[in-house]
Amino acid sequence: MKYLQEHAENAVLALMLAKKEEAHLTYTHNTLFAQKIDLEWVQSLSTNEALSEKIDAFVGRFSRLQDHIGDKLIPRFAALLGESPKSLLDTLAYAEKMAWLSNAEEFISARKLRNLLVHEYMTDTELFLEALHVANEATIMLINVVSTIAQYANTLGLIDDSNAKETSNE
């Protein structure tokens, strides 16, 4: 497979950062969702600082990885292949075409979800509970995007097999 060598370094750097962010999100996701998250659990957030901090960590890591994927990782891999999407929608459509992302609409929905995660647990516990359960699935989608792009980078010879496997196993 051919790619534009002048974009290789930026693409690899974006991927390495995405893998680090993905590892942190995976950790927080696994520890958060190992708990039974129900309405009572969400209502306890107002008095349980440790849970509130866990939510803040999850939302921050979820948001950072999502931003990085949409703003850096996919655009840099598109540039590597000679493409230059103009908007986030173009970027996501290209990622979908390349099979790096299974559904651009899911990514856009996850982006909207972030606002609910930031604000709603303070005002609407039922809406926040629903948003958390949707975020659980969206997190898996984000992790899969990083893993898929890492496998693609391995196919191009940009990273070695052990780095691609580390991403998919974390």
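**Exercise 1.** At what angle do helix 1 (residues 8-32) and helix 6 pack, and how far apart are their axes?

*Solution.* In this predicted model, helix 1 and helix 6 pack at about 150 degrees, and their axes are 10 Å apart. Angles over 145 degrees count as roughly antiparallel, so helix 1 is roughly antiparallel to helix 6. The crossing of this pair is left-handed. Helix 1 contributes L15, A18, K19, E22, L25, T26, H29 and L32 to the contact, while helix 6 contributes L132, N136, T139, I140, I143, V146, I149, A150 and A153. Sorted by class, the residues of this contact are 11 nonpolar, 4 polar and 2 charged.

**Exercise 2.** Characterise the crossing of helix 5 (residues 104-119) and helix 6 (residues 125-156).

*Solution.* The two axes come within 9 Å and cross at roughly 140 degrees. Helix 5 is therefore oblique to helix 6. The handedness of the crossing is left-handed. On the helix 5 side, the residues are E106, F107, A110, L113, L116 and L117; they meet L127, F128, A131, L132, V134, A135, A138, M141 and L142 of helix 6. By class, this contact holds 14 nonpolar residues, no polar residues and 1 charged residue.

**Exercise 3.** Compare the expected span of helix 6 with the separation of its end C-alpha atoms, then describe its start and the residue that follows it.

*Solution.* Helix 6 has 32 residues, so at 1.5 Å a residue it should span 46 Å. Its end C-alpha atoms lie 46 Å apart, in agreement with that expectation. At the start of helix 6, a side-chain oxygen of D124 comes within 3.3 Å of the backbone nitrogen of E126. After helix 6 comes G157, with a positive phi near 85 degrees.

Key:
Residues numbered from 1 in each chain as written. Predicted model: local features only at pLDDT ≥ 70, side-chain atom pairs only at ≥ 80, totals over all residues. Heavy atoms only, no water. Axes fitted to C-alpha atoms, helices over the stretch in contact; angles between N-to-C directions. Helix = DSSP H or I, 4+ residues; strand = E, 2+ residues; numbered from the N terminus. Parallel < 35°, antiparallel > 145°, perpendicular 65-115°, else oblique. Left-handed = near helix turned anticlockwise from the far one by under 90°. Contact = heavy atoms within 4.5 Å. Nonpolar A, V, L, I, M, F, W, Y, C, P; charged D, E, K, R; others polar. Expected span 1.5 Å × (residues − 1). Polar contact = N/O pair within 3.5 Å; in protein donor to acceptor, adjacent residues only side chain to side chain.
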